Amino acid sequence: ANAAETMLRSSDTHPDGYPTVEAVKYMGKLLEEKTDGRLGVEVFHSAQLGEEKDTIEQTQFGVIDFNRVSLGPFNNIIEETKIPSLPYIFRSIDHMHKVMDGLIGEDILKAFEAHDLVGLAFYDAGARSFYNSEKPIKSMDDLKGMKFRVMQSDVFVKMVDALGANATPMPYGEVYSSIQTGVIDGAENNWPSFESSGHFEVAPYYTLDQHLIVPEVLVMSKKSWDKLSAEDQAAVREAAKESVPHMRKLWADREAASEAKVKKAGVNIVTDIDKTPFIEAMKPVYEEFVTSDKLKDLVERIQATE
Amino acid sequence: MEYWILFGTFVFLLLIGTPIAFCLGVSSFATIAYLGLPPVVVFQRLNSGVSIFALMAIPFFIFAGNLMVRGDIARRLVALAGAAVGHFRGGLGQVNILASVLFGGISGSAAADASAIGGLMVPQMKERGYDADYAVNITVVSSIIALMLPPSHNLIIYSIAGGGRISIADLFTAGIIPGLVLALSLMVAAWLVARKRGYPLEPFPGMRAVGTLLLSATPGLVLVAIIFGGVRSGVFTASESSCIAVVYAMFAIFFLYRTMDFEQFRLAVSDAVRTTAMVLMVIGCAAAFGWLLAFLRIPTQLVEFMRDLSDSPIVILLLINVLLLILGSFMDMSPLIVITTPIFLPVAMEFNVDPVQFGIILVLNLGIGLCTPPVGTVLFVGCAVGKMPVWDVVRTIWPFYIAGIFTLMLVTYIPALSLWLPSLFH
Amino acid sequence: MAVLARIALALSGIGLVLMTAFIAWQVFGRFVLNDTPTWTESVSVLIMGWFIFLGAAVGIREGYHLSFDVFLYLLPDRVKRVLHTVSDIVVVAFGAGMIGYGIQLAEATWSTTIPNVGWSGATAFLALICGGVLLVLFSLERLARRAAGLVTARFGEVELPDEDR
Ligand code: NA
Ligand code: NA
């Protein structure tokens, strides 16, 4: 695999074979072709080099060259990344694609430059929805008082609290047994994670409210970027952009496989919910996080995108 | 060249007596400087390596253990064990092992077990005509049981080192049968040695005496029930259970037994801080060392090397075990778990070994390493409480090593020993 | 120096007790009040950093770190002293790294915030920096004592829980 003269290092917290990992590998292959074997990419998967927050710093310091991360850990670093991380900001996956593939996405990628990073492309991470061990959730009343595990993130906590449920931050590794024993009632995630974590075995009610459609981002270290010739920089940008359709296909396949497996296990899936009250309940969350005119403008532009 | 700097500096510093934490930290620092990368990464890894919620179980369990020793809970557990099995051949040796089973259900630290139980049992055994080396041998090796029975913070470290995706509850449950098998093997070894040396028998004190002692040890036993029951019934998570152990130990000591004054409490706290800092500083520095191993692609290369060596899972597992036993005789347990898990877990999984079973193999294997020279924390603790030179202890310890390695082989090649019990909860 | 070590240990001990209280509160909040406090996890992790780095520094002074000193027994005292000095100098360098690079990390994370607590991300590195300062001081003390012909605490001595200090 180490065919290129210079192998650039890329970090990913997902295991080998995961769509994001495979997409960056694919990008490396394209880069190798475009640079006649001068540059290639090696993916350090499974959080070998650290969790996302740490590897972001390492990328900024120029220790690693590429990093595939979720937008979430950037929320407290780069203001603009808060907006696509807001609950119910995107109406659907298609809406998200339209926004992030267009000028708004370009603007957000540019915001990385001020933080020693070069934003290259957005990848898919599906839509996050609630699952629980108790009952099918069809309305906000059903959510009242239930305990949901969330990531250590302000937006997640505020969102779950605004929905009337009890946000419970907890490390991912403890979620399975915590749902099983009743420490918590459920959690929220996308199809592939719901399946691969085995959480569907203990939380057989999945409500597709799609509260968060947060894309992932591929960034390069500004330090590594500056070392490349203008020609190689262009090759990196092209390879990253060209990896996006491939990634989306891998993601769709993975999602479909997970969905099939979960459905086969007999999980109760709720699709017919009226999201309007959920969206209305998010008013205080938006008020808290959309603070500047720049951010308000971004929200309006996203909502105006057809 | 970078390999030589990393391992060379490490071994050199180790030999000149630098604390292991700084051997790991400084060798990483030197290597990254040689590579021309910003050394700030070493300190970021050090800081992140100790800023993990699940690690909190370590200070809590150590703290709870200290409270129990100073608050007399540990002694009552030993007294109960003495009454229950003292009338078997090599009686007090069996007591020592059973006490480790009981203590192991509360503590996750072999060193704490060796100091708590050894400190009480070794003088008693010597007084009743047992040889000091026999007493220390049993104390040392049976303390591995504490690592196997829940709670075990080393299994938590393993779960984190394995990417945080291995269920801690499963690991805890999986350790129970192997821990009991180890206890059984050690009891057989203790019995054989006792018969050969002609040690005396204790009279059975009668059910009544056992009952009284049971009553007196009940609050200690309740702690075991609270930890295990609390995790299993959903009151708290596995990492929170360690905190509840502290809260309960304080409650029992201050309100039920009333065996502790403020000065004793202060000493228990500062001792817990010392031990925790000692252990977690090693873990933090090992995180930096481990980052460099990954960055230099050493795990991947080792995986490829081992894959070329043999296709047989039996041979590969044997190789991993031998390698771990060698590493374990030089290094302490927690850094080795952090360093070797990312290297060996992918290999083992490649050969269809369940990550839960591999965790038990790893902890048992490295636990044996704690009892072996040249670097063996538990061995040193045992020698200190028995007031014995290391060499005198090691000369006669082999029957117990054999029992340990025998158990290790059973656990390695019979997956059901570890996996059957957790499967009941799924 | 002894006073400094005692203060560091006392602070660490208070940290451990506080951490116990916070996590117990987290369990109580979730299980009894059905309202999980979301700050307990982050704050407890910060406290843990403090008592690890302060405790590790005091360990240099008191000699309770894990080490491997079997090899040293084979050597004459004069060589042993030189090697101990090398070891202490190396630890000073590492402590200096904790200070210097700790400050660099704090600067880099100054404008970020810790989720659900709201403090600056830089607070996570304060313990690293303070631990580094103590580490340098206590190692320099060892070097000075050795140069003056006084004894220094030996690493690798097995320390027992019921041994009073
Ligand atoms: Na245990
Ligand atoms: Na050892």
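## Helical spans in chain C

Let's start with residues 43–61 of chain C. In this predicted model, that span is 100% helix and 0% strand, and the C-alpha atoms at its two ends sit 28 Å apart. Now slide along to residues 82–105 of chain C: here the end C-alpha atoms are 34 Å apart, and this span is also 100% helix and 0% strand.

What does UniProt call these stretches? An unreviewed UniProt entry gives the feature "transmembrane region" to residues 7–28, 43–61, 82–105 and 117–140 of chain C. That label comes from the record, and such annotations may be inferred rather than shown by experiment.

## How sure is the predictor?

For the complex, the predictor reports an ipTM of 0.86 and a pTM of 0.81. Chain C has a mean pLDDT of 83, with 90% of its residues reaching 70 or more. Watch out for residues 156–165 of chain C, though: pLDDT stays under 50 there, and the model has 25 contacts beyond four places in sequence for that stretch.

Chain A averages a pLDDT of 91, and 99% of its residues score at least 70. Where in chain A is confidence lowest, and where is it highest? The low point is helix α7 (residues 175–181) of chain A, with a mean of 83, while strand β10 (residues 216–221) of chain A takes the top spot at 96.

## Where chain B meets chain C

People often describe how big an interface is by the accessible area lost when the parts come together. For chain B and chain C, the buried area is about 5,600 Å², and carbon and sulfur atoms give 79% of it. Chain B brings 64 residues to this contact and chain C brings 58 residues.

How many salt bridges link chain B and chain C? The count is two. In one that pairs C:E62 with B:R274, the closest N and O atoms are 2.6 Å apart. There are also six residue pairs in polar contact between these chains, with both residues at pLDDT 80 or more.

Several helices of chain B give two or more residues to the side that touches chain C, among them α1 (2–15), α2 (20–34), α14 (238–257) and α15 (262–295). Of the elements on that side of chain B, α15(B) gives the most, with 15 residues. Sort the chain B residues on this side by type and you get 45 nonpolar, 14 polar and five charged.

## Where chain A meets chain B

Over at the other interface, 26 residues of chain A are in contact with 28 residues of chain B. Together, chain A and chain B bury about 2,300 Å², with 53% of that on carbon and sulfur atoms.

Chain A and chain B share one salt bridge. It joins B:R45 to A:D54, and the closest N and O atoms are 3.1 Å apart. Eight residue pairs are in polar contact across this interface, both residues being at pLDDT 80 or more.

Which parts of chain A supply at least two residues each to the side touching chain B? They are β1 (6–11), β2 (39–44), α2 (52–61) and α7 of chain A. The largest share comes from α7(A), with five residues; remember that α7 of chain A is also where confidence in chain A is lowest, at a mean of 83. By type, the residues on this side of chain A split into eleven nonpolar, ten polar and five charged.

Definitions and conventions
Residues numbered from 1 in each chain as written. Chains lettered and ligands numbered in written order. Predicted model: local features only at pLDDT ≥ 70, side-chain atom pairs only at ≥ 80, totals over all residues. Heavy atoms only, no water. Contact = heavy atoms within 4.5 Å. Buried area = accessible area lost by both parts, 1.4 Å probe. Salt bridge = Lys/Arg side-chain N within 4 Å of Asp/Glu carboxyl O. Polar contact = N/O pair within 3.5 Å; in protein donor to acceptor, adjacent residues only side chain to side chain. Helix = DSSP H or I, 4+ residues; strand = E, 2+ residues; numbered from the N terminus. Nonpolar A, V, L, I, M, F, W, Y, C, P; charged D, E, K, R; others polar. pLDDT = per-residue confidence, 0-100.
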